[in-house]
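This briefing covers one protein model, topic by topic. Please have the sequence and the 3D view at hand while reading.

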Amino acid sequence: VHTLSSQDHHYFVTPDLEEIKEAYDNWQAEHKIILTTEKDAARLYLRIDKLTAWGITIAVLPIAVSVLLNKGHEFDTAVLRYVEAAVLENREMMGYGGE
């Protein structure tokens with residue numbers, strides 16, 4: 001295992017990709033992969049041509065969100081109410097009424 005860290009919301013530029021390639025090439029393992037989160041994978045995907053050309057295999061670790069104390073339904077309801085109110089308010093400001 002070799003850990004490469006970056007700041008949150010980091011966009012991968014050429015030096016970052018070269019660091020990934022160097023680490024990948026230096027691993028003395030038969031079956032090796034880069035493991036990343038869905039969030040970072042979305043940004044790495046922008047450079048997929050280069051990573052593919054280098055033969056680097058990337059596995060993506062899914063992100064799951066759970067609300068504690070079995071309050072997921074209450075959270076979803078609160079978000080939906082907020083969005084519905086904001087949409088209604090914006091429609092009224094734009095003169096669309098309740099359409």
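Y45 counts as exposed because its relative accessibility is 57%; exposed means over 50% relative accessible area, buried under 20% and partly exposed in between, with a 1.4 Å probe and protein chains only. The model is predicted: local features need pLDDT of at least 70, side-chain atom pairs count only at pLDDT 80 or more, and totals for chains, interfaces and linings use all residues. Residues are numbered from 1 along each chain as its sequence is written, and side-chain values use heavy atoms, with hydrogens and water left out.

**Y45 and its loop**
- Y45 sits in the loop between α2 and α3 (48-53); helices (H or I, at least four residues) and strands (E, at least two) are DSSP runs numbered from the N terminus.
- From Y45 to F12 the C-alpha distance is 9.7 Å, with their positions 33 residues apart in sequence.

**Strands β1 and β2**
- In β1, I34 and T36 point to one face and are buried, while L35 and T37 point to the other and are not.
- In a regular strand, side chains alternate between the two faces of the sheet.
- β1 and β2 (residues 58-61) run parallel and are joined by four bridges; two strands pair if DSSP finds at least two bridges between them.
- The bridge partner of L35 in β2 is A59.

**Largest pocket**
- The largest pocket has a volume of about 610 Å³, the volume being the space filled by probe spheres set on grid points that are joined across faces, edges and corners.
- A pocket here is an open set of points on a 1 Å grid over the protein atoms alone, where a 1.4 Å probe fits, with protein on both sides within 12 Å along at least five of seven lines; lining residues have an atom within 4 Å of a point.
- Of its 24 lining residues, H2, T3, L4, I34 and L35 are closest to the centre.
- β1 gives the largest share of the lining, four residues, while α1 (14-26), β1 (34-37) and α2 (38-44) each supply at least two.

**Positive phi and helix α4**
- Most residues other than glycine have a negative phi.
- L69, in the loop between β2 and α4, has a positive phi of about 60° although it is not a glycine.
- N70 lies in the loop between β2 and α4 and has a positive phi of about 55°, again without being a glycine.
- L69 counts as exposed because its relative accessibility is 74%, and N70 because its value is 77%.
- G95, just after α4, takes a positive phi of about 80°.
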